[in-house]
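Here are my notes on the model, set out as numbered points. Please read them with the coordinates open.

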Amino acid sequence: MLTVTKLHKTFNSHGNLVTAVDNVSFTVPDGIFAAIIGKSGSGKSTLLSLLGALDIPTSGKVEVDGQDITKLSDRKLIRYRLTQIGFVFQGYNLIPNLSAIENVMLPMEFAGVSTKQRRTRAEDLLEQVGLTADKLSRKPSRLSGGEQQRVAIARALANRPKLILADEPTGNLDSATGKLIVDLLHHLAKKQNTTIIAVTHDLEIARQTDLTLKLADGKMTVASSSAAVPEPAVHAAKAVHA
Ligand SMILES: Nc1ncnc2c1ncn2[C@@H]1O[C@H](COP(=O)(O)OP(=O)(O)OP(=O)(O)O)[C@@H](O)[C@H]1O
Ligand SMILES: [Mg+2]
């Protein structure tokens, strides 16, 4: 269970204080696929970075199964990011001098998985995201934007994270490939109890998720939630809206 309480993030931009995430509270139970929607600049990527412990909030808490990840020691933080979270960056952040398959194998290498096992799993994951076998040994610069995006998704799944944080995971994909990815994420949520939080501009995708959270100027409201999400998740966020 992910519980976010009064999360606040301000940036100092040339002497001006920019509030990117404004006193946000919400709960996402395990196995829920949540979408975050909102205009450009509304704070979506900043919020996702805070949830993934890639950035430190100005104030507030991010609790994963009761543990406040904003307070972890550096060593624990590295372990947490490596084993518990799969992060799909808005700009993919693939390692340019590694091939597609090596990019997917890398987090497994850090986690101590044997070479043979990580190659097999990387091949399997890349197949699941629809990357054809002839592209596995290509460097990112020789892949299309959508292909790089799929490698980034496969990499995020590599260590079987409990929480997947994805920034526009289908932003560069055609509708058929986008559907393949969304179906894969739904499958992980339902069959493996993975919690998925995906930023999307695609309202069709948001409509199919269990919970849709909307950001506007850093403030959050619940746009919709299904019966799969227990009341507390909605209450917490509604309270912020009130
Ligand atoms: N490092 C930073 N320094 C200063 N301001 C920042 C920084 N990062 C983000 N911001 C500001 O915080 C606000 C939220 O940015 P963020 O990237 O979270 O938006 P977003 O909703 O992800 O937008 P998009 O849909 O365009 O990706 C914006 O006003 C942005 O300019
Ligand atoms: Mg963004």
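1. Helices (H or I, at least four residues) and strands (E, at least two) are DSSP runs, numbered from the N terminus. On that basis Lys-6 is found in strand E1, which covers residues 2–13. Please keep in mind throughout that this is a predicted model.

2. Lys-6 deserves a look at its backbone. Its phi is positive, about 45°, although Lys-6 is not a glycine. Most residues other than glycine have a negative phi. With a relative accessible area of 55%, Lys-6 is exposed, because the cut-off for exposed is over 50%. The backbone nitrogen of Lys-6 lies 2.9 Å from a polar atom of the Ser-25 side chain. Ser-25 itself belongs to strand E2 and counts as buried, at 12% relative accessibility.

3. Two further residues have a positive phi. Just after helix H1, Ala-53 takes a value of about 55°. Tyr-92, which is also not a glycine, has a phi near 70°. Tyr-92 is found in the loop between E6 and H3, and at 9% relative accessibility Tyr-92 counts as buried.

4. Which protein atoms are the donors of the magnesium ion (ligand 2)? They are OG of Ser-45 and OE1 of Gln-90, lying 2.0 to 2.4 Å from the ion. This pair links distant parts of the chain, 45 residues apart: Ser-45 is in helix H1, and Gln-90 is in the loop between strand E6 (85–88) and helix H3 (100–110). Ser-45 counts as partly exposed, at 28% relative accessibility. Gln-90 also counts as partly exposed, at 49%. Since buried means under 20% and exposed over 50%, the value for Gln-90 falls in between.

5. Ligand 1 has 13 residues around it, of which Ser-40, Gly-41, Lys-44, Ser-45 and Thr-46 come nearest. Polar contacts to its oxygen atoms come from backbone and side chain. A polar side-chain atom of Lys-44 lies 2.7 Å from an oxygen atom of ligand 1. For Gly-43, a backbone N or O atom is 3.1 Å from a ligand 1 oxygen. For Ser-42, a polar backbone atom is 3.2 Å from an oxygen atom of the ligand. Taken alone, ligand 1 exposes 640 Å², and the protein buries 63% of that.

6. What is the make-up of the shell around ligand 1, by class? There are three nonpolar, eight polar and two charged residues. The elements that give two or more residues to this shell are strand E2 (16–28) and H1. H1 gives the most, with three residues.

7. Helix H1 is therefore worth checking in its own right, being the element that gives the most to the ligand 1 shell. H1 is mostly covered, with seven of its eight residues buried. The buried residues are Lys-44, Thr-46, Leu-47, Leu-48, Ser-49, Leu-50 and Leu-51. Lys-44 thus appears in this buried list and also has a side-chain atom 2.7 Å from an oxygen atom of ligand 1.

8. Leu-50 can serve as an example from H1, which spans residues 44–51. Is Leu-50 buried or exposed? Leu-50 counts as buried because its relative accessibility is 1%, and the cut-off for buried is under 20%. Leaving out residues up to four places away in sequence, Leu-50 touches Leu-7, Lys-9, Val-21, Asp-55, Ile-56, Pro-57, Val-62 and Ile-69. Lys-179 is 129 residues from Leu-50 in sequence, and the two are 27 Å apart in space, C-alpha to C-alpha.

9. Helix H2 (residues 74–84) has Leu-77, Tyr-80, Leu-82 and Thr-83 as its buried residues. What covers them includes H1, strand E4 (59–64), E6, H3 and strand E7 (163–167).

10. A last point concerns helix H6 (residues 175–192), where Thr-177 is found. Thr-177 is buried, with a relative accessible area of 12%. The Thr-177 side chain makes a polar contact of 2.7 Å with the side chain of Asp-174.

Technical notes: Residues are numbered from 1 along each chain as its sequence is written. Chains are lettered from A and ligands numbered from 1 in the order in which they are written. This is a predicted model: local features need pLDDT of at least 70, side-chain atom pairs count only at pLDDT 80 or more; totals for chains, interfaces and linings use all residues. Side-chain values use heavy atoms; hydrogens and water are left out. Buried means under 20% relative accessible area, exposed over 50%, partly exposed in between (1.4 Å probe, protein chains only). Contact means heavy atoms within 4.5 Å. Donors are N, O and S atoms within 2.8 Å of the metal (3.2 Å for Na, K and Ca); water is not among the atoms, so sites may look incomplete. A residue is near a molecule or strand if one of its heavy atoms lies within 4 Å of it. A polar contact is a pair of N or O atoms within 3.5 Å; within protein, one must be able to donate a hydrogen and the other to accept it, and residues adjacent in sequence count only if both atoms are side-chain atoms. Accessible areas come from the Shrake-Rupley method with a 1.4 Å probe; for residues, only the protein chains shown count as cover. Ala, Val, Leu, Ile, Met, Phe, Trp, Tyr, Cys and Pro count as nonpolar, Asp, Glu, Lys and Arg as charged, and the others, Gly among them, as polar.
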